[in-house]
Amino acid sequence: MATQPISQSQPLPLTGIRVIDYSHFLAGPHLSRCLAAMGAEVIKVERPTAGDAGRAHPYFKDGQSGYFLQQNMGKKGLCVNLKDPRGLGLLHRLVETADVFVENYRPGALGKLGLGYEELSRINPRLVYCSVSAYGHTGPDAGRPGFGLIAEAKSGAMAQLGVPGEPPPLLRIPIADMYTGIHGVAAVCAALYGRTTTGKGQHIDMALYDCMVSIHDYAVQRYTLSGGTEVPVQTGHDQPESTVYGVFQGRDGHLVIAAQVDDAWKRLARLIGGEALAADRRFLDPASRNANRLDALAHVRAWTLAQPSVKACIAALDEAGVPCAPVQSIDEVLEDPQVKARGMIVEQDHPVLGRVKLPNLPFRFSDCDTSPRSAAPLMGQDNRAIAAGLGYDDAGIEAMERDGVLYAEPAVGRVAAA
C-alpha cells in the first residue's frame, strides 16, 4: 500500500528560517533535522578533519556512517577551522544571517571559541540560541559531562525496568537524546513565534536530565502523594498497577496486550474464559484486578500459550476488540503495511552509497510535504556555495581552501568531478 499523496498548497512551516547546527552525535542533530524537515535551511557546521563525532559511529558502509546519515538528512554541509580567525569570521558572518543556532557542548565550551550566546546575540540580537547538554547551564552538575545513558540512569527511569533482582537493562533506543531533541524543537518554534512580537531572540537551555525527570507519568506522583512511602521498582513484564497490561509468551514469539480498562478486560475475559471469567468478581474493576493480578495473568498466559502462534493470538484478540500487537523485530517493522502506508521508511540517493533507506520523521501536515529533500551532506559539501552566499569571492574561498580553513572530505571532489 503506497503512501497517500500530500497536498503542497502551502510552504513548509519553517520556510525562510536559517539554522546553524553546531552540534554532534544525537540530541542536537536530531533537533535540527526536525527543523529541516519542517522547511528550515539547516547548515551543518563541522570541524576539520573528523567532523561530527557521529560520523565515527556505526553502522558503516563504504566509510559512511548510517548513524550520521539518519540524523543529518536535509542539511547543507560546512566544514571550517574556527581556530583560524578567518574561519571564525566566516561563521560570525553566517550568524548575522541566521535565525537559530543549535549546539550541544558542555556549558562554557563555546564561549571560549567566541561562539557563546552572549557574543552571538550581540552579533545578531534576533538569534534564537538553543543549547543542549547533560545537566543544563545551572546547578551543581552543570559542568559534568554526560550522555543519554547517564540521564536515563539518574532519572529513575532505568530503576523501574527489567526483572526484579537483576540489573536494569539498557533501553537500546536513545530516549533521553531523542526526547530532549524534540522538546528543543518545540522550544525553538515557540521562541521564533515570540520573536515576532518582541523582535528579540533568546537562549534556550535544554538538559537531558531535566527531560528524563519530566517524562515520568506516574512514578513521581506515586511517591509524593504517598508521603514518600511508595517507590516504583522493577516489575518484570507487566505493570502491577494496570492489570492486564504487559508482555506475554506465545508459542513462537511474544505479544503485548493492553486490557487494563474495564471494557477491554471484559472482552478479553470472554475470549479466554467465557462469561464465567468476565463475571468473576475478583476481576470486575481495576482495583480488584490489581489485587488479584497473578490470577488474572495466569488466565491470560495459559490462553496465549494454548494458541498455535502469536499470529493466531493477534487475530483472535483483534476480532474481540482487545488492544494488542506482536513484539516485532526490525525486519518485520520494515515490512509492516502500516509503516509503508505512512511512509515511515524513506529512500534517498546518496552521492557515495547510492540508494539508501532510513527512518522518516513522524510529522504530517495536511497542506505540505515534510519528506526529506536531500541526503545528509558529505563533510564540507557546501563550503563554496555557503561562503559565496556570504560575499566571499573566488580568490578568498580558494585561499581558505588552500590553507585548510575550509575543508572537504575527498569524496566531495570525486562527486563534483563525476
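A nonpolar core, as the term is used on this tour, is a set of buried Ala, Val, Leu, Ile, Met, Phe, Trp, Tyr and Cys residues joined through side-chain atoms within 4.5 Å. The model on screen is a predicted one, and the tour starts from its largest core.

Select Val19, Leu31, Leu35, Val100 and Val188, which, of the 31 residues in the largest nonpolar core, touch the most other members. To see where such residues come from, colour α1, β6 (100–103), β7 (128–133), α6 (175–198), β8 (203–207) and α7 (208–214), each of which supplies at least two residues of this core; α1 gives the most, with six residues.

Stay with helix α1 (residues 27–37) and show its side chains: 11 of its 11 residues are buried, so the helix is largely enclosed by the rest of the structure. Among the buried residues are His30, Ser32 and Arg33, alongside Leu31, Cys34 and Leu35. Just after α1, select glycine 39, which takes a positive phi of about 110°.

Next, centre the view on valine 100 and display its surroundings. Leaving aside residues up to four places away in sequence, valine 100 touches Ile17, Arg18, Val19, Ile20, Leu127, Val128, Val188 and Leu192. From there, select Ile20, Val80, Leu120 and Ile386, which are included in a second, separate core of 28 residues.

Now move to the open sheet made by three strands in the order β9-β10-β11, where the pairing is antiparallel. Its edge strands, each pairing on one side only, are β9 (245–249) and β11 (324–326), and neighbouring strands are turned by 20° against each other on average, direction ignored. Three bridges join strand β10 (residues 254–258) to β11, and a useful pair to label here is isoleucine 257 with cysteine 324 in β11, which stand opposite one another. Helix α11 (residues 293–306) packs on this sheet, touching β9 and β10, with its direction making about 40° with that of β9.

Finally, select helix α9 (residues 262–278) and compare its two ends: although the helix has 17 residues, its end C-alpha atoms are only 10 Å apart, short of the 24 Å that a straight helix would reach at 1.5 Å a residue. Where is the kink in α9 centred? Place the view on isoleucine 272, the centre of a kink of about 115°. Isoleucine 272 is also one of the buried residues of α9, together with Ala264, Trp265, Leu268, Ala269, Leu277 and Ala278. The buried residues of α9 pack against β10, α10 (286–291), α11 and α12 (310–320), and showing those elements together completes the view.

Note on methods. Residues numbered from 1 in each chain as written. Predicted model: local features only at pLDDT ≥ 70, side-chain atom pairs only at ≥ 80, totals over all residues. Heavy atoms only, no water. Pairing = 2+ DSSP bridges. Helix = DSSP H or I, 4+ residues; strand = E, 2+ residues; numbered from the N terminus. Axes fitted to C-alpha atoms, helices over the stretch in contact; angles between N-to-C directions. Contact = heavy atoms within 4.5 Å. Expected span 1.5 Å × (residues − 1). Bend = angle between axes of the 7 residues up to and from the residue. Buried < 20%, exposed > 50% of the residue type's maximum accessible area, 1.4 Å probe, protein only.
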